[in-house]
Each structure stands twice: as structure tokens, then as C-alpha cells.
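These are my notebook entries on one protein model. I recorded what I looked up, entry by entry.

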Amino acid sequence: MQFNSLSFLIFAPIAILASYAVPRKLRSTMILFASILFYLSFGIPAVFVVIALWLLTVISAQIISKTHSKLMLSISVTLIVCLLISFRFMNAAENTWFGQTMPFSLFVPIGLSFFSLNAIGYLCDLY
């Protein structure tokens, strides 16, 4: 679903109205489900990438908050950066590696850079 498509023009107002229709306690859950539905329009793998990034951030945050480990912070940031680089820059290489065409194409989920940098910022602030 592209931002300039008719389906987005229908989806966005419905999601906004639905978020105001639910009680305040459930509003963030409603927005989360609307976001997941939006990501599903790009394909199931996009949702799994964002969920993997979220899980990595949540688990790392729990460990960092308990141990204040600089090593855990370093490992978490490195994994997040590797995830971002693998999706962002592998496509920029036009699916070639040492002159050979790669048999697969990596997709770049929309907003991956934003989510990754926010996760890094959150973990650094938590540390």
C-alpha cells in the first residue's frame, strides 16, 4: 500500500477514527494493530523484520536495565546496525557480490532506518 494510493486514503482515516473510538487504555494497542496491518500490505517478511528488531530491542533493554552492561549495549547496537546494513546496503549493491549475481533480492521494509536508529537511541539512553 503506497502512501499515494486509494487504499491508503481509505485505510488512514479508518485507522485514525478507530483509534479515537476505542478507550484511551486500548489506543496504543489499536495503533499497533493498524501499523501491523499497514506493514502486512508490503508483505509478511516486512512484519517479521520489524518484529525481530522490536524483540531484539526489548530483550536487550531488559538485560541492560538489570545489569548496566556496556558489553550488552555494544552487542545490541552491533546487531541492530548489522540488520540495518544487511537490508539497506545489500540492495544498493544491486544484488551482486564479487561480480556474481545473488539468487535472491532483499527488500527494505519502510521505516527500517527510523526504527533502527530509535532502538539504538533508546538502548543508549537506557544504559
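**Entry 1: T57.** I located T57 in helix α3. The model is a predicted one, and I read every value below as computed from it. Is T57 buried or exposed? I found T57 buried, because its relative accessible area is 11% and the cut-off for buried is under 20%. I then looked up its contacts, leaving out residues up to four places away in sequence. T57 touches I80, A119, Y122 and L123. I noted that I80 falls within the residue range of α4, 70-92, and that A119, Y122 and L123 fall within that of α5, residues 112-126.

**Entry 2: helix α3.** I checked the length of α3 against its number of residues. The 24 residues of α3 should span 34 Å at 1.5 Å a residue, and I found its end C-alpha atoms 35 Å apart, so the two values agree. I listed the buried residues of α3 as A46, V47, V49, L53, T57, S60, A61 and I64.

**Entry 3: the surface of α3.** I next looked up I51, which is also found in α3, residues 44-67. How exposed is I51? I recorded I51 as partly exposed, because its relative accessible area is 35%, and partly exposed covers the range between the cut-offs of 20% and 50%. I51 belongs to a nonpolar patch on the surface, together with W54, L55, I59 and I63. For these residues together I noted about 460 Å² of accessible area.

**Entry 4: after α3.** Which residue with a positive phi follows α3? I identified H68, with phi near 55 degrees. Most residues other than glycine have a negative phi. I therefore marked H68 for its positive value in a residue other than glycine. H68 lies in the loop between α3 and α4. I recorded H68 as partly exposed, with a relative accessible area of 49%.

**Entry 5: helix α1.** I made the corresponding length check on α1, residues 6-21. Its 16 residues should span 22 Å at 1.5 Å a residue, and the end C-alpha atoms are 23 Å apart, which agrees. Which residues of α1 are buried? I found F8, A12, A15 and S19. They cover an arc of only 70 degrees around the axis, so I placed them on the same side of α1. I looked up what this buried set packs against and found α2, residues 27-40. On the other side of α1, I listed L6, L9, I14, L17, Y20 and A21 as exposed.

**Entry 6: F114.** I located F114 in helix α5. F114 counts as exposed, because its relative accessibility is 54% and the cut-off for exposed is over 50%. I also looked up the separation between F114 and L84, which are 30 residues apart along the chain. Their C-alpha atoms are separated by 10.0 Å.

**Entry 7: the whole chain.** I closed with the totals. The protein chain has 5 helices and 2 strands, and from the N terminus on I read the order of elements as α-α-α-α-β-β-α. Of its 127 residues, 24% count as buried. Among contacts with a separation of 6 or more, I noted that 56% join residues 24 or more positions apart. The accessible surface of the chain comes to about 8700 Å². I recorded that 73% of this surface belongs to carbon and sulfur atoms.

Key
Residues are numbered from 1 along each chain as its sequence is written. This is a predicted model: local features need pLDDT of at least 70, side-chain atom pairs count only at pLDDT 80 or more; totals for chains, interfaces and linings use all residues. Side-chain values use heavy atoms; hydrogens and water are left out. Patches are made of residues with over 30% relative accessible area and no salt bridge: like charges are joined within 9 Å, nonpolar side chains (Val, Leu, Ile, Met, Phe, Trp, Tyr) within 5 Å. Accessible areas come from the Shrake-Rupley method with a 1.4 Å probe; for residues, only the protein chains shown count as cover. A salt bridge is a side-chain nitrogen of Lys or Arg within 4 Å of a carboxyl oxygen of Asp or Glu. Helices (H or I, at least four residues) and strands (E, at least two) are DSSP runs, numbered from the N terminus. Buried means under 20% relative accessible area, exposed over 50%, partly exposed in between (1.4 Å probe, protein chains only). The expected span of a helix is 1.5 Å times one less than its number of residues. The arc is that of the directions from the helix axis to the C-beta atoms. Contact means heavy atoms within 4.5 Å.
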